[in-house]
Amino acid sequence: MKEALNDTPVIVVIGARQVGKSTLCNQLLDQNIFKARLVSLDDPVTLMAAQSDPLGFLEDLGTHVIIDEIQRAPGLFISMKKLVDQDREGRRLILTGSANVMTLAKVSESLAGRIEILHLWPLSQDEILGKPSPFLETLISGNKFQGRKSSWKNIIKAVDIGGYPEALKRKTEARRYKWFESYISSILQKDIRELSNIEGLIQIPNILHLVGTRVGSTINMSDISRLSGIKNTTLQRYMALLENVFVIVLVPAWTPNIEGQFVKSPKIYLNDTGLLCYLRGEDQKSLTENRSHAGAFLENFVVMEITKQLSWSDQFVNVYHFSMHKGAEVDLVLEDRKKRLYGIEIKSSATLSQNDFKGLIRLAKLSQKFERGIVLYMGEESLRFGDRLYAVPVSSLWEE
């Protein structure tokens, strides 16, 4: 954000409600990194003023402004363009949004070339432990990973707690689950209801539960529609809303430029494993005792850890999954701007066999740009399993 303030007129910080967007902006002010006036559109009077006279509202705020919950007044963006074009060097605006304002056509049109988007997720293990991870740099550079064996109990504890700052403060699972219950209600009332006029939003918790039972799987809308009793067309709108408020995360499929039996549907995950545990009614004891059942939770956890690291990394890569109808699959495929591929498989076991690498081997045969494939597992050694294939302790995700 500090770098962007030097050369970009408008910075948008997007992310789910309660991930810390307002806290981040207040830190900028408290540390004198950005001297500005902060206003929140959660305040009804402020919101009314912004909607009634967008240009006058912005002019009265001055040249350096932070506007919280900008999705509530999308009409401000056209006026922002006018003011920014009048004083591109002197005007700086930081906007935060709990809904993906960039899906609005008027925003994309108004601020093209004038805006930088930063995505804030729930806290990563890096942030919780206070030490940045070199995982992505190590993966892409080809250097050796330096992990160590992680306690299954400790990893499940991290999975169960998740990364929402307020949930992390709660001392017991019961108190965290109470927070998640209120959180879902807050999303329904403040975010999704404002984005849509769809009736029957009471169905959202049921849909979230069904999504929770399918994390790490490709989306089957017909299946979810049948089980939820919601028409497929309406369900698709619900799913789009959940994605726009950053509660669900879709990972698209990577397919080679050849015909074949390749799965093209995206995989689905929740933005936080603490929320996932709440929706599934699982606790640390049940997940610790049933390692195979916990595999989907671990996969969701790892996918989101890598997604969070990508949001601040200098490694510009896109995230995909790879799957064939006949069974070969890779949980994550990272593709850089030169189309080089890095495959990541996620296993909850402490031992591996050559069979655990079959998806990575298949991917390597399909692409001449395959650089490296790793299987993250619960062991303690980083081991070579063939040409450009490695077993890597899952702790490498957050170890220095």
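Begin with the lining of the largest cavity in this predicted model, whose residues divide into three nonpolar, six polar and three charged. To display that lining, select L123, Q125, G162, G163, N271, D272, T273, N300, F301, M304, E305 and K308. Colouring helix α17 (residues 295-310) separately picks out the largest share of this lining, which amounts to five residues. The cavity has a volume of about 60 Å³, and the structure holds one cavity of 30 Å³ or more.

Next, select strand β10 (residues 341-346), where six of the six residues are buried, so the strand is largely enclosed by the rest of the structure. In a regular strand the side chains alternate between the two faces of the sheet. On one side of β10 you will find L341, G343 and E345, and on the other Y342, I344 and I346, and all of these are buried.

Add the neighbouring strands one at a time. Strand β9 (residues 329-336) pairs with β10 in the antiparallel sense over four bridges, and within this pairing V333 stands opposite G343. Four residues separate β9 from β10 in the hairpin that they form, and K339, in the turn, has a positive phi of about 70°. Strand β11 (residues 370-377), by contrast, pairs with β10 in the parallel sense over six bridges, with L376 as the bridge partner of I346. Showing helix α18 (residues 358-366) as well completes a right-handed β-α-β unit made of β10, α18 and β11.

Finally, move to A49 in helix α3 (residues 44-52), which counts as partly exposed because its relative accessibility is 36%. A C-alpha to C-alpha distance drawn from A49 to N232 should read 39 Å, for a separation of 183 residues in sequence.

How values were computed
Residues are numbered from 1 along each chain as its sequence is written. This is a predicted model: local features need pLDDT of at least 70, side-chain atom pairs count only at pLDDT 80 or more; totals for chains, interfaces and linings use all residues. Side-chain values use heavy atoms; hydrogens and water are left out. On a 1 Å grid over the protein atoms alone, a cavity is a set of points where a 1.4 Å probe fits but cannot get out, and a pocket is an open set with protein on both sides within 12 Å along at least five of seven lines; lining residues have an atom within 4 Å of a point. Grid points are joined across faces, edges and corners, and a volume is the space filled by probe spheres set on the points. Helices (H or I, at least four residues) and strands (E, at least two) are DSSP runs, numbered from the N terminus. Ala, Val, Leu, Ile, Met, Phe, Trp, Tyr, Cys and Pro count as nonpolar, Asp, Glu, Lys and Arg as charged, and the others, Gly among them, as polar. Buried means under 20% relative accessible area, exposed over 50%, partly exposed in between (1.4 Å probe, protein chains only). Two strands pair if DSSP finds at least two bridges between them. A crossover is right-handed if, with the strands pointing away from the viewer, the path from the first strand over the helix to the second runs clockwise.
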